[in-house]
Every structure is written in structure tokens, then in C-alpha cells.
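Open your viewer and get ready to click along. Each stop tells you what to select and what to look for there.

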Amino acid sequence: MLYDILIVGGGPAGLTAATYARRAGKSVLVIEKNAFGGQITWSPKVENFPGFVSVSGAELGDKLLEQAMEQGAEVELDEVTAVSVRPDGIKTVACDSGAVFEGRALIAAVGAKPRMLGLAREEELVGSGVCFCAVCDGAFYAGKDVAVNGGGNSALQDALLLSEKCRRVYLIHRRDAFRGERKLVEALEKRENVEFVLRASVAELLGGDELTGVVVEQDGQRRELPVAGLFVAIGHAPDNGIFSGLMDLDRAGYAASGEDCLTATPGVFVAGDCRAKGVRQLTTAAADGAVAALAACRYLDE
Ligand code: NAP
């Protein structure tokens with residue numbers, strides 16, 4: 001079937017775009033490879049999305065999906081592996097399952113994936129001590145000692161959540177001060193089982209098949225922390241590889257676009273964290289979704 005708009009990525013940007021496009025009367029398919037709601041489903045508590053005093057990321061993700069589907073958006077759980085534009089302007093996406101979808105316009109809203117530290121054996125230990133999501137994996141470490149690495153809101157939130165179930169939480173950050181919200185830092189300062197390990201970086205992962213500890217370098221000294229889990233929360237990198245032939249990517253891989261979210265290819269738009277911009281927040285992802293959808297509608301109506 002030929003859709004008016006194909007949306008790749010079902011996070012806040014993609015789902016908001018779907019809601020706006022449907023309300024403008026366009027047929028819409030949203031393709032998501034993991035979980036509808038995107039990165040936000042990993043956040044235990046969201047307190048800065050307008051209209052919600054406090055809501056879990058998973059619940060907010062569910063509501064965004066429900067809203068888009070209520071408006072008539074179709075959704076598919078599949079991984080898009082290739083994207084191309086035919087000479088007649090039709091956008092074609094091929095998926096891991098073998099399915100191929102066509103659209104007159106396309107919105108890339110693939111967000112970003114967690115960055116890794118680049119340490120020896122890090123990939124091998126993913127799921128065996130190295131984690132990227134405290135909401136998803138924290139329960140496996142109940143009663144154990146863990147470390148979180150990072151200084152942004154994700155690291156602070158992960159440390160707070162883990163401090164509720166783990167025996168001890170080391171929060172390792174390379175600077176003296178945190179980039180994340182002061183309110184979260186203050187909450188952590190009050191937790192007796194949380195230790196800040198500042199001006200420090202993880203230098204080595206210890207253990208065999210399972211992580212048994214990490215070595216940190218702090219002020220020129222090496223220190224061993226015996227932890228069963230290391231939660232890496234050092235930010236995200238965009239996942240725009242499949243779109244590289246259709247849009248200009250900056251050095252970090254973010255997609256260039258105008259204020260209207262239009263890329264270098266007519267009818268191809270970009271929205272959310274994968275777009276080159278100054279502020280990456282839930283609110284700005286949702287805003288991009290609306291802008292990209294309305295621009296795509298104008299493109300279709302021209
Ligand atoms: P972030 O804000 O970019 O923070 C990444 C942190 O990792 C920074 O403290 C950075 O250190 C550190 N870092 C980067 N590379 C590193 C490396 N190689 N080794 C060690 N440390 C490294 O990322 P984030 O915390 O994932 O948050 C992403 C965005 O989502 C932010 O805008 C955040 O506010 C937002 N967010 C919102 C919520 C919410 O509840 N609404 C929840 C989570 C995240 P430096 O400070 O030294 O650069």
C-alpha cells in the first residue's frame with residue numbers, strides 16, 4: 001500500500017508527527033524497531049512534560065501511542081534496514097522482516113542510541129553487568145553494589161532509581177559538577193547509599209563472563225570498585241546511518257534540516273533527537289514532530 005507519510009521511529013517525535021498528520025487527513029504508517037515511546041520508556045519519572053506533574057516514561061510512551069492510533073495511524077514493529085527514493089519521488093523503506101512500504105513523504109524520527117564508553121570487553125559484557133537502562137535492568141541488581149557513569153539527567157535518574165533497590169550506588173562522573181538538574185543532585189545527596197566518585201573515569205571492566213567490578217581513574221589514582229552492574233549513561237548518538245544518502249549529516253551524525261524539518265531531499269523530513277539542533281528534550285522532540293508533519297502535509301498538498 002502507498003501511504004501519504006511513512007514515519008520511521010515511534011518515539012515522541014514520530015508519534016506526535018503521526019497524530020498531526022492523521023488530523024490533517026493523511027494516511028500514516030509508523031515503523032518502530034524496539035518499543036513505541038522510544039528512549040523515554042527508559043525514564044522512571046518524567047516531571048517536565050507539559051500537563052503531567054509526574055508520569056513514568058513508559059506510561060507517557062503508551063499514551064503517545066494510544067493517541068496516534070486513536071487518530072487512525074497504522075503502526076508496525078519492524079526494523080527499517082534501507083531507505084530509497086524512486087525517480088517518481090516515492091519513498092521506499094525495506095524492513096528486516098522482508099516487508100517493503102511506500103510513502104509519498106517520509107519523516108525520519110529515529111532518535112538516538114546510548115553511547116558506549118569504548119572499553120575493552122564492554123560489548124561482550126552488555127547484559128552481563130554492563131547496562132544502559134536502569135528502568136529495564138535495575139531489578140536484576142537488587143541488594144547488590146552497582147555503579148552509574150555519567151553526569152546528565154539520565155545518569156542522575158538512574159542513580160536515584162538504583163539507590164532504592166541496590167545496596168550501594170557509585171555515581172562516577174568525569175567533572176566536579178553535574179550537567180543534570182540540581183533537584184536530582186540534591187535528592188541523591190540525601191541518599192546514604194550513594195557515593196559520588198567525581199573527576200573520575202572508568203578505565204577497566206573486571207570479571208569473566210559476568211562483571212565483578214570496575215577500575216576508575218580518579219585524580220591520577222586507580223581505584224577498584226567491586227560492582228555487579230555498571231550503568232552507562234553518557235548520552236546518546238544519532239542512528240541516522242540508513243538515511244545518509246538522503247540527508248546531510250554533521251560530524252556527529254545528526255541530520256541537517258531547515259526550521260521546517262525538511263532535509264536535502266524533497267519530501268524527506270527529520271524530527272526529534274536525530275536532528276541537528278540545540279536542545280534535545282521530550283518537548284522539543286514533540287515540537288519537531290508537529291512541525292515535520294505539517295511541513296510534510298504542505299509538501300503533499302502542493
Ligand atoms: P547528556 O545530558 O548529554 O549527559 C551525558 C553525560 O555523560 C554528561 O555528563 C557527559 O559529561 C558525560 N559523558 C559524555 N561522554 C562521556 C565519556 N566518554 N565518558 C564519561 N562521561 C561522558 O545525556 P543524557 O543524560 O542521556 O540526557 C540526554 C537528554 O535527555 C538531556 O537533554 C536530558 O536533559 C534529557 N533527559 C530528560 C529526562 C527527563 O526526565 N525529562 C530524563 C533523561 C534525560 P560532561 O558533563 O562532562 O559533558
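**Stop 1: strand 6 and its partners**

Start by selecting I5 and A105, because A105 in strand 6 is the bridge partner of I5. Before going on, keep in mind that this is a predicted model, in which local features need pLDDT of at least 70, side-chain atom pairs count only at pLDDT 80 or more, and totals for chains, interfaces and linings use all residues. Residues are numbered from 1 along each chain as its sequence is written, and side-chain values use heavy atoms, with hydrogens and water left out.

Now widen the selection to strand 1 (residues 2-8) and strand 6 (residues 100-108), which pair in the parallel sense over 6 bridges. Strands here are DSSP runs of E with at least two residues, numbered from the N terminus, and two of them pair if DSSP finds at least two bridges between them.

Next, add strand 5 (residues 91-95), which runs antiparallel to strand 6 and is joined to it by 4 bridges. Click K91 and you will find its bridge partner in strand 6, G103. Strands 5 and 6 form a hairpin with 4 residues between them. In that turn, look for G98, with a positive phi of about 100°.

Strand 6 has another neighbour to show: strand 17 (residues 268-270) runs parallel to strand 6, joined by 3 bridges. Select A108 to see V270 of strand 17 opposite.

**Stop 2: E32**

Is E32 buried or exposed? Select E32 in strand 2 (residues 28-32). E32 is buried (under 20% relative accessible area, with a 1.4 Å probe and protein chains only). Even so, E32 has no salt bridge (a side-chain nitrogen of Lys or Arg within 4 Å of a carboxyl oxygen of Asp or Glu). The nearest side chain of opposite charge belongs to K33, 7.3 Å away; Lys and Arg count as positive and Asp and Glu as negative, while His and the chain ends are not counted.

Follow the side chain of E32 to the backbone nitrogen of G10, which it reaches at 2.8 Å. Then show the contacts of E32 (heavy atoms within 4.5 Å), leaving aside neighbours within four places in sequence: G9, G10, G11, E76, L77 and D78.

**Stop 3: around the ligand**

Select the ligand and its surroundings. How many residues surround the ligand? There are 21 (each with a heavy atom within 4 Å), and the closest are N48, S154, R175, R179 and Q281.

Three distances are good to display:

- R115: an N or O atom in its side chain is 3.3 Å from a nitrogen atom of the ligand.
- G152: a backbone N or O atom lies 3.4 Å from an oxygen atom of the ligand.
- R280: a backbone N or O atom lies 3.0 Å from an oxygen atom of the ligand.

**Stop 4: a five-strand sheet**

Colour strands 8, 15, 9, 10 and 11: in the order 8-15-9-10-11 they make an open sheet of 5 strands with parallel pairing. Its edge strands are strand 8 (130-131) and strand 11 (194-197), each pairing on one side only. Strand 10 (residues 168-172) pairs with strand 11 in the parallel sense over 4 bridges, and I172 has V197 as its bridge partner in strand 11.

**Stop 5: two loop residues**

Most residues other than glycine have a negative phi. Select R121 in the loop between strand 7 (112-114) and strand 8. R121 is not a glycine, yet has a positive phi of about 70°. At 29% relative accessibility, R121 counts as partly exposed (between 20% and 50%).

Finish at D219, in the loop between strand 13 (211-218) and strand 14 (221-225). D219 is not a glycine either, and has a positive phi of about 50°.

Terms used
Polar contact = N/O pair within 3.5 Å; in protein donor to acceptor, adjacent residues only side chain to side chain.
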